[in-house]
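Here are some notes to go with your first look at this structure. Please keep the viewer open while you read, and turn to each place as it comes up.

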Amino acid sequence: MSERTRTALMWILGVAVLGAGIWMLVKDDDGLRVTDVWARSSPMVDGAAAAYMNIQGGAEDDALVSASVAADVAGKVELHETRMVDGKHSMQMVLGIDIPAGGSVALEPGGYHIMLMGLVEPLEPGEIFDTDLVFESGATITVEVEVREG
Ligand SMILES: [Cu+2]
């Protein structure tokens with residue numbers, strides 16, 4: 001192999017590695033955005049709280065599939081949907097919340113929310129805690145949740 005060929009091969013390899021690195025970065029941050037994150041004590045369940053936020057979809061359809069908080073905040077976290085059943089609000093667990101590509105989904109009172117159960121201490125307005133959000137695509141986003149007055 002001539003010196004020239006070797007140099008050319010090194011270049012090609014370098015560009016390939018760099019390209020793969022950039023592709024992974026782009027893939028990892030697939031454009032999902034989470035804004036307006038807040039929580040309040042649940043008006044429906046003692047010792048529980050609900051977290052709300054706005055999730056903007058990325059380039060591909062995705063879904064929020066789970067969420068978690070530190071063990072010193074709450075014992076259990078579920079994805080819930082509030083629905084009207086026989087004229088009454090009732091909550092039920094959902095396995096995922098679809099986030100369409102380019103669309104946006106609001107987790108808000110009366111609809112989808114992240115349910116924190118088994119609160120270690122009651123949430124105080126002004127308090128901030130982290131929540132990890134896991135998406136079907138494998139993306140995980142950690143957001144700061146601000147406790148607001150219910
Ligand atoms: Cu709930």
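Is arginine 83 buried, partly exposed or exposed? Arginine 83 is partly exposed, at 39% relative accessibility. Please bear in mind as you read on that this is a predicted model.

1. **The overall plan.** You will find one helix and 10 strands in the protein. The helix comes at the start of the pattern, and the strands follow one after another: α-β-β-β-β-β-β-β-β-β-β. Of contacts between residues at least 6 apart in sequence, 64% join residues at least 24 apart.

2. **Inside and outside.** The protein has 150 residues, and 34% of them count as buried. About 9400 Å² is exposed, with carbon and sulfur atoms supplying 55% of that area.

3. **The copper site.** A good place to go next is the copper ion. Its protein donors are His80 through ND1, Met91 through SD, His113 through NE2 and Met115 through SD, at 2.1 to 2.3 Å from the ion. The angles among the four donor atoms run from 94 to 120°, and the site is tetrahedral. For comparison, the ideal angle for four tetrahedral donors is 109.5 degrees. Along the chain, the donors are spaced as H-x10-M-x21-H-x1-M.

4. **The two methionines at the copper ion.** Distant parts of the chain are linked here: methionine 91 sits in strand E5 (residues 88-93) and methionine 115 in strand E8 (residues 112-119), 24 residues apart. Methionine 91 has a relative accessible area of 24% and is partly exposed, whereas methionine 115, at 1%, counts as buried. The cut-off helps here: buried means under 20% relative accessible area, so methionine 91 at 24% is partly exposed and methionine 115 at 1% is buried.

5. **Isoleucine 114.** Strand E8 also holds isoleucine 114, which is buried with a relative accessible area of 0%. What does isoleucine 114 touch, not counting residues up to four places away in sequence? Its partners include Ala49, Ala50, Ala51 and Met53, along with Leu64, Ala67, Val77, Glu78, Leu79, Leu107 and Leu133. Look also at glutamate 81: its C-alpha atom is 8.6 Å from that of isoleucine 114, with their places 33 residues apart along the chain.

6. **The nonpolar core.** In soluble globular proteins, nonpolar side chains tend to be buried together. Here the largest nonpolar core has 30 residues, and those with the most contacts inside it are Ile55, Leu64, Ile114, Phe129 and Leu133. Strand E2 (residues 48-56) gives this core its largest share, four residues. Isoleucine 55 is worth selecting: beyond neighbours within four places in sequence, its contacts include Leu32, Arg33, Val34, Leu64 and Ile99. Also among the contacts of isoleucine 55 are Gly103, Ser104, Val105, Leu107 and Phe135.

7. **Threonine 131.** This residue lies in strand E9 (residues 128-135). Is threonine 131 buried or exposed? Threonine 131 counts as buried, at 1% relative accessibility. Leaving aside neighbours within four places in sequence, threonine 131 is in contact with Ala67, Ser68 and Val69, and also with Ile141, Thr142, Val143 and Val145.

8. **A salt bridge between distant parts of the chain.** Side chains of opposite charge can pair when their charged atoms come close. The structure holds three salt bridges. One of them joins arginine 148 and aspartate 36, at 3.2 Å from N to O. This pair links distant parts of the chain, 112 residues apart: arginine 148 is in the segment after strand E10 (140-147), and aspartate 36 is in strand E1 (residues 33-41). Arginine 148 is partly exposed at 33%, and aspartate 36 counts as partly exposed at 48%.

9. **The other salt bridges.** Lysine 76 pairs with glutamate 78, their closest N and O atoms being 3.3 Å apart. Lysine 76 counts as partly exposed at 47% relative accessibility, while glutamate 78 counts as buried at 16%. Glutamate 81 pairs with arginine 83, with 3.1 Å between the closest N and O atoms. Glutamate 81 counts as buried at 15%, and arginine 83, the residue of the opening question, is partly exposed at 39%.

Technical notes:
Residues numbered from 1 in each chain as written. Predicted model: local features only at pLDDT ≥ 70, side-chain atom pairs only at ≥ 80, totals over all residues. Heavy atoms only, no water. Helix = DSSP H or I, 4+ residues; strand = E, 2+ residues; numbered from the N terminus. Buried < 20%, exposed > 50% of the residue type's maximum accessible area, 1.4 Å probe, protein only. Contact = heavy atoms within 4.5 Å. Areas by Shrake-Rupley, 256 points an atom, 1.4 Å probe, with all protein chains shown as cover. Donors = N, O, S within 2.8 Å, 3.2 Å for Na, K, Ca; no water. Tetrahedral: all angles 85-135°; square planar, octahedral: opposite > 155°, others 65-115°. Salt bridge = Lys/Arg side-chain N within 4 Å of Asp/Glu carboxyl O. Core = buried A, V, L, I, M, F, W, Y, C linked by side-chain atoms within 4.5 Å.
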